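Please study the sequence and the structure shown below before reading on. The paragraphs that follow lead through the model step by step.

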Amino acid sequence: MADIGIKVSKPGIDVSETDVKNQVINSEHNSLKVWMTGSTNITKSAGTGDFSVNIAHGLGYPPFFLTYFKLVHASKYWFQESLDDSILPVDFVYGLAKADSTNLTLTVRDNSGVDAFTAVAYYIILIDKAYE
Amino acid sequence: MSNFGIKISQSGHDVKTAAKENLVFSSQYDTLKIAKSGSGTILVAHDADIFTPGKETVEVAHGLGYEPAFFVFVNNPAWADSARLAPYAWRSIGSPTLTQPNYAVDTTKLYITFYNPDNVNDITFEYRYHIYYNELA
């Protein structure tokens, strides 16, 4: 195949002489592409347990994703699996996420039984597959 | 709106017919755009109380004025190869104290909090982060 395509370098760098790491886009290499973004409420009742919401993504395969949760400490958005340490060391509340070919499942897990609250989960679902 | 924009397909795929999974780039879809990246190490001193971990928080100002998407990698001191990084560190089963870092963001900063569950020894963690322009909304 002929040497065709697009390369865009970072400012101040000659695109014809630079490595891929200094390029913003190089058509020889795939890039992560956003499919869906959004947020959803997750209602957690009092007591321990998992409280989940499914987000249908329509891709037909498990996609790459990023999720963040507004938990008890509502001024911060916590990365998936991060304990909300505003209530430590007594309480253990955190957000979990997993994807299959149909849904992104967002879960608030309460291991210690705090009062009811409504969490907000923010998600970015990428077109790119979680695995090939 | 007219059907215009830019599409770049992966090698071996016709850009006019390629599925979205086979595109390197399409202006129809947003991308993750890095606003700030960085790395560092931090020493987390031990706490002699076995029920209270040592704790340190790295705060990174991002200056965006909204809650952005981000990604953090840390090493796991339990691994023999300390150069390896992962988005999550190991959480010990049955441990009375935390071992896993926490990551959070607000409108001004990224917060990376490290815990040292060892009540005798200090631990040095390595971390790397990417903060994206993409807003969580």
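In this predicted model, an open sheet of 7 strands follows the order 3(A)-9(A)-5(A)-6(A)-6(B)-7(B)-4(B), and its pairing is antiparallel. The letter in each pair of parentheses gives the chain, and both chain A and chain B thus appear in the order of this sheet. Strand 3 of chain A and strand 4 (54–61) of chain B are the edge strands, each of which pairs on one side only. From one strand to the next, the twist averages 25°. As general background, the strands of a sheet pair through backbone hydrogen bonds, and this pairing may be parallel or antiparallel.

Where do the two chains meet within this order? Strand 6 of chain A stands beside strand 6 of chain B in the sheet. These two strands, the second of which covers residues 102–105 of chain B, pair in the antiparallel sense over 2 bridges. At this place A:Trp78 stands opposite B:Ala104, a residue in strand 6 of chain B.

The contact between the chains may be considered next. It takes 29 residues from chain A and 29 residues from chain B. On the side of chain A that touches chain B, at least two residues each come from strand 3 (34–44), strand 5 (63–70), strand 6 (77–79) and strand 9 (117–129) of chain A. Which of the strands of chain A gives the most to this side? Strand 9 does, with 4 residues. By residue type, the side of chain A that touches chain B divides into 16 nonpolar, 7 polar and 6 charged residues.

Chain A as a whole contains 0 helices and 9 strands. Read from the N terminus, its elements accordingly run β-β-β-β-β-β-β-β-β. Besides the sheet that involves both chains, 3 strands of chain A form an open sheet in the order 4-8-7, with antiparallel pairing. Its edge strands are strand 4 (49–56) and strand 7 (93–99) of chain A, and each pairs on one side only. The twist in this sheet averages 20° from one strand to the next. Strand 4 is joined by 8 bridges to strand 8 of chain A, which covers residues 103–110, and the two strands run antiparallel. Across this pairing, A:Ile55 stands opposite A:Leu104 in strand 8 of chain A.

The overall form of chain A can also be described in numbers. Its C-alpha trace spans about 65 × 35 × 20 Å along the principal axes. The radius of gyration of chain A is 20 Å, whereas a compact globule of 132 residues would have a value near 14 Å. Of the 132 residues in chain A, 33% are buried. Among the contacts in chain A between residues at least 6 apart in sequence, 57% join residues at least 24 apart.

In chain B, one residue serves as an example of burial. B:Tyr115 lies in strand 7 of chain B, which comprises residues 109–116. Is B:Tyr115 buried or exposed? B:Tyr115 is buried because 26 other C-beta atoms lie within 10 Å, and the criterion for a buried residue is 20 or more. B:Phe71 is 44 residues away from B:Tyr115 along the chain, and the C-alpha atoms of the two residues are separated by 18 Å.

Finally, the confidence of the prediction should be noted. The model scores ipTM 0.81 and pTM 0.86. Chain B averages a pLDDT of 85, and 82% of its residues score at least 70.

Definitions and conventions:
Residues numbered from 1 in each chain as written. Chains lettered and ligands numbered in written order. Predicted model: local features only at pLDDT ≥ 70, side-chain atom pairs only at ≥ 80, totals over all residues. Pairing = 2+ DSSP bridges. Axes fitted to C-alpha atoms, helices over the stretch in contact; angles between N-to-C directions. Contact = placed C-beta atoms within 7 Å. Nonpolar A, V, L, I, M, F, W, Y, C, P; charged D, E, K, R; others polar. pLDDT = per-residue confidence, 0-100. Rg over C-alpha atoms; globule rule 2.2 N^0.38 Å. Buried ≥ 20, exposed ≤ 12 C-beta atoms within 10 Å, placed from the backbone.
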